[in-house]
Structure formats: structure tokens, C-alpha cells
Amino acid sequence: MTMPLTGPLLSVEDLVVEHRTPGRPVVRAVAGASLRVAAGEVVGLVGESGCGKSTLARAVCGLHGTASGRILVGGHPVTPLGLRRRDRALTGVQMVFQDPYSSLNPRRRVGAQIADGLRTAGDTATQPADLLERVGLPRAFADRFPHEFSGGQRQRVAIARALAARPSLLIGDEPISALDASAQAQVARLMRDLAVESGAGLLFISHDLSVVRLIADRIAVMYLGKVVETGPTAEVWADPRHPYTRALLAAIPSPDGAGVLPAELPGDVPDPADPPAGCRFHPRCPLAMDVCREREPDFGPVACWLHAPEPPASS
Amino acid sequence: MSAALTIEGLRVSIGGREVLHGVDLTLEAGRVHGLAGESGSGKTMTGLAVLGLLPHGSESSGRIEFGGRDLLRTPERELDAVRGAKIAMVFQDPSTSLHPMLTVGRQLTEHMRHHLGLGRREARERATGLLAKVRIPGPEEALKRYPHQFSGGMRQRIAIAVALACEPEVLIADEPTTALDVTVQAGILRLLRGLCDDLGLAVLLVTHDLGVMSAVADEVSVMKDGLVVETGARGQVLREPRHPYTRSLLDALPVPPGENSP
Ligand SMILES: Nc1ncnc2c1ncn2[C@@H]1O[C@H](COP(=O)(O)OP(=O)(O)OP(=O)(O)O)[C@@H](O)[C@H]1O
Ligand SMILES: Nc1ncnc2c1ncn2[C@@H]1O[C@H](COP(=O)(O)OP(=O)(O)O)[C@@H](O)[C@H]1O
Ligand code: SF4
Ligand SMILES: [Mg+2]
Ligand SMILES: [Mg+2]
């Protein structure tokens, strides 16, 4: 691992991001989340739909302003994209979206779009076809338009385009969920290999835990705007500690042919405009105690009173 | 157990290209039949053929036997009484099944009034009951709301309620949980299994997720390039697959080598 002496490649500290719509209550989509990604490291960010994963990713890319907290990329603070030139911290961040159409222009040949990325990086030696080859596509595909590819191929093109800009941090927001199982595993592995090979960090966002398990060194579990558990993937998988992480893992059906229905987690993700007091998970938690309804467990690596670094004052 | 629906030698061509090359499948009342296979293998086309909803300009041959007749040779007008009523479908994206501009109540009752000839009051009562059955909290109140006012998992439950409105005998569910979180998926799978057990519904569950298949399917069929290459009991197909293609699907599962699932 090529970790710079200055600390982690990406550091998100106590980040708060709000969505404001006139006439509606403020939605605090990210409510004090912390996260780190080192160079050459793959971190998987998982959590239920609406928990704030994409909002966090967009803030890291400078596509969304922050209410408080800090985002540092390579030690430089990220400020939202304004009228001024692209932030210096951001030139090294590239994002691949779930729907490749939102990162690819449907009316331009893919070779030309990859060439844009190469120009950003000031790379005059690499050809667009070289990058297509790296993502496992024939060189001749550079002359094609995005609609001339299958879903899996299009996702590879989007990855090639992102890599062309030589990012130090690659962010994939559900980059594979439109693909079938075997293509998902292939594309996820490809993203991992290419990121690690080039010494970049990868923040891989997905609601598919089995794929995250396959490629992530560390896993961060998000619930209602907060990262509630982080740890090495194998450790979290073998011994999930936060009750929410446990519920998530228990809900994955196993393909063992045994006909066992997965356990259900009752209730929906609460409205982030009106989060529960105390621990945000308490209305759905089978282990909730009195302290959970009153005080927020504001610590890591497991934000749960059952795993407090010091026992809470009795209440 | 008798066959609720039998597909024999189903061939479908779209624009002169044959995409199904003789599909055989049998659905039984009270059983979930899982249909697996890679994208493009013809799972969705098989479901659409049963409902007579193939894309314009498609040609089909073979037999789809349901209620003593061959649906491929049933006049369009009679088919309308079967489609959506006796045989219902749920899609991957609940917004395909639900109309965004109509209240949930309207979508549920209009169906019943059209197919079952129920009066307004009666239809409303049944609709409330259906929403309760798919476990939508506050069903009475929910009837007045629009689809976008519910979460993704609740929308899929509502889509299932709409599909059940006319007491179908066969339910075709095409990737009904693929777009959902695992926690929400678990609820939908339990719901489907329960409906099948309680109402004796015959379910064709299309999914590429072999974990989902393993959780709810009684029988499993695997499709490849427009053909069913393997059919058998869940345990047999997932544990001792006979066809190399099924083996390769199982081998492609994203589990790190040398590790077992928890
Ligand atoms: N532009 C917006 N305006 C107002 N609220 C928003 C906006 N975008 C997202 N939200 C809200 O912020 C919260 C977090 O949304 P976000 O898109 O970050 O979730 P996510 O974890 O990426 O979910 P998914 O898995 O469905 O992609 C949700 O409650 C969502 O409804
Ligand atoms: N509307 C359509 N027009 C023409 N061909 C189609 C259409 N929809 C699907 N096909 C083709 O039919 C075949 C089977 O597709 P489909 O049933 O959707 O597969 P699956 O559901 O297994 O992913 C594929 O070759 C696909 O390209
Ligand atoms: S803090 Fe309490 S409510 Fe929250 S997850 Fe832990 S035990 Fe459950
Ligand atoms: Mg998202
Ligand atoms: Mg399909």
C-alpha cells in the first residue's frame, strides 16, 4: 500500500450535508458521517436506500455543498464547485455512476470521451484504445457510440473514461447494479484491480453486500446519514457488531438450496427530515435499551451503546 | 398437484430473429417456480408471452395451456379476461406496474370493478383488505395517496396488491426484488411465499439472484440463449446441478474463494 505521509487519501470528518427545498423541511441526508480511504485501499460503503450514500459521494466530488464538517482529499479541503475553476483537491477525484448514461455523452464516440479524460491528466502518450483494452474491450470499440454497447460493456467504458483522468480517488456509486450477477462480479473486480494497480483509492458504494464483500478491504455501514460501523471486511462479515449491520447481513439469502427465508428487518428507513431521538436505529432495533432512546451513540468504530468505548452513565 | 399452467415448445421471434427456441415450463398451484439465467436469455420474453404482451411484430408458436385452453390460440378479446385477472404480472420496477397520477385506491378498485364487476363500496373494502394483506400500514389512509408517497419497498408491495386484486391463479413476478435493499427484499420474499402457501397461487419468479431462488423457489429452471437447459427441485439444481451452465452460474457467485457464506 502506498500511503502518503500526510495521512489518508480521503478523510471525511463529521460531515453534515443538507438538502433544502423551498416550503419543505430541511432534509439532513448526511448527519455527521466520518470515513477514511487510504491510497490503494478499497472501502465499501453500504446501507439501505435513502440513507445518504449518494449525497455523501456527491459532496466528496464537490457536487454538493456541505453544512458542516470537513472533507479532505490528499490533505486539501474540498469546496463545492462554484463559478471558479475546479478545486485543486478535486482534479484527482473521478466518479462512475450507476447509470453510465449520466457519465457518458450519448452523442459522442466513446474514444473522444476517453480522450477528454486523457487531456485532463495531460497524458499525451496513452491512446483511448489503450484504456479500452485495460477494461477488457476491443480497441476498435473506440469508434462506437454509447448505445452500441451492452449494459456491462457501457459500464466498462465509463470506468475507462474515469481512469483516463488518472484519479487518485475513484468513486463508484452503485456502478454495477444494472448488470446481471456474473457481469456484476466481473466489473466490480475490474474496478478494484485497476484502482489498486494505479495506487488510487476506491470508494465503492453499493446496496449489494455480497459484491462489496468480494472487493472491499474495509467496509463502512451507513444508517440514516451516519456511518454506524466500520472495520476490515472479513472482520465485519465474521463478527458484525452493530445491530443494524447484523440485520443487513442476516437479510442476505444464501444460495445453498435449503429454502430458508431471510430474516426481515421490520419498519422502513425513517424520514431524515425528522430522525428519531437518541440512537437513530432505536425504533427498529431488537436490543434497544433506555439509554438508546435518549442519547445518541456518537462514537466509533461501532456507534452503538452496546459497544461504547466507555460504559454510559446509567439513566 | 395439478398443473396450473403449462408451456410447451414455446418459440418466439421478434423482427425475424428467434429469441425463444422451444421453452418448456410447468407451474403448479401453491408452488413457486424460479426461473434463472443471464440477462438476455429470454426470461422476460417467456413471462410476456404468457400474458400475450410480447413486443409488437412478434410471432410465437408452441402451446401455453391454462384453464383448458391454449392461450396462443385464444382470440384477443377472450384473452383480455385472462390477462391481468386470472394471470397477473409484477415487474422489477414498481413504477412499470403503477400509474403515477392515480391514487393507490383508484388503481386497486378500477381493476376489480372492470374484471370482477364489483360496486364502488365493495371494491373499496376489498382494496383496504388487500393493502392490509401486503402489510401497508394504515391501509384505509393509504388508498388516498399516490405511489410516489411510498418507499420503494412499499411501492412493490402495492404493485403486488394490484396484481392480486382480481384473485389470479398465476402470478408472474419478473425480478420483483432486484431494485430493492436486502432488508426490504426479505419482506417481499416472505410475502410472496405466504401468498403462494395461503392462496394456492402458482408463482413464476424470474430472478438472476440464486440466493433469492434458494430462499423461495420450490422448483428451479435455468435458461440460456432462449432455452431451458435444466429444471428440477430447488435443492437438486442448486446443490447438484446437472448442466454445466448451471454449474458456471453457481461458480460465478461473488463469494471469495475458500470461504463459505455465513
Ligand atoms: N435533491 C434532493 N432534494 C431533497 N432531498 C434529497 C435530494 N436528494 C436526496 N434527497 C434525500 O436525501 C436522503 C439521502 O438520499 P441519497 O440519494 O443520498 O440516498 P442513497 O443512500 O444514495 O440511496 P439509494 O441507495 O436509494 O441510492 C433521502 O432521504 C433523499 O430523499
Ligand atoms: N422489445 C424487444 N425487441 C426486440 N428484441 C428484444 C426485445 N426485448 C428483448 N429482446 C431480445 O429478446 C431476447 C430475450 O430477452 P429477455 O426476455 O428480455 O431476456 P431476460 O429477461 O432473460 O434478460 C434478447 O436477445 C433480447 O435482446
Ligand atoms: S444504541 Fe441501542 S438502539 Fe442503537 S443500535 Fe445499539 S442497542 Fe440498538
Ligand atoms: Mg444513491
Ligand atoms: Mg428480464
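This passage describes the contact between chain A and chain B and the surroundings of two ligands in a predicted model.

The interface between the chains was examined before the ligands. Chain B contributes 38 residues to the contact, and chain A contributes 32 residues. Together the two chains bury about 2,900 Å². Carbon and sulfur atoms account for 57% of that buried area.

Charged and polar pairs also link the chains. There are 2 salt bridges between chain B and chain A. One of the partners in a salt bridge is A:Glu264, which pairs with B:Arg157. The closest N and O atoms of this pair are 3.7 Å apart. This separation qualifies because a salt bridge requires the side-chain nitrogen and the carboxyl oxygen to lie within 4 Å. Polar contacts join 11 residue pairs across the two chains, counting pairs with both residues at pLDDT 80 or more.

On chain B, four elements each give two or more residues to the side that touches chain A: α7 (152-164), α8 (182-199), α9 (210-216) and α10 (234-239). The largest share comes from α8(B), with 8 residues. Sorted by class, this side of chain B holds 17 nonpolar, 12 polar and 9 charged residues.

Ligand 1 was considered next. It is surrounded by 13 residues. The nearest are A:Ser49, A:Gly50, A:Lys53, A:Ser54 and A:Thr55. Several of these approach oxygen atoms of the ligand. The side chain of A:Thr55 places an N or O atom 2.4 Å from an oxygen atom of ligand 1. For the side chain of A:Ser49, the corresponding distance is 2.5 Å. A:Gly50 takes part through its backbone, where a polar atom is 2.7 Å from an oxygen atom of ligand 1. Taken alone, ligand 1 exposes 640 Å², and the protein buries 62% of that area.

Two elements of chain A, β2 (27-37) and α1 (53-60), each supply two or more residues to the shell around ligand 1. The largest share, 3 residues, belongs to α1(A). The shell consists of 4 nonpolar, 7 polar and 2 charged residues.

Ligand 3 also has 13 residues around it. The closest are A:Cys279, A:Cys285, A:Cys292, A:Cys304 and A:Trp305. The class make-up of this shell is 11 nonpolar and 2 polar residues, with no charged residues. Cysteine counts as nonpolar in this grouping. By comparison, the shell around ligand 1 includes 7 polar and 2 charged residues.

Methods. Residues are numbered from 1 along each chain as its sequence is written. Chains are lettered from A and ligands numbered from 1 in the order in which they are written. This is a predicted model: local features need pLDDT of at least 70, side-chain atom pairs count only at pLDDT 80 or more; totals for chains, interfaces and linings use all residues. Side-chain values use heavy atoms; hydrogens and water are left out. Contact means heavy atoms within 4.5 Å. Buried area is the accessible area (1.4 Å probe) that two parts lose on being put together, summed over both. A polar contact is a pair of N or O atoms within 3.5 Å; within protein, one must be able to donate a hydrogen and the other to accept it, and residues adjacent in sequence count only if both atoms are side-chain atoms. A residue is near a molecule or strand if one of its heavy atoms lies within 4 Å of it. Accessible areas come from the Shrake-Rupley method with a 1.4 Å probe; for residues, only the protein chains shown count as cover.
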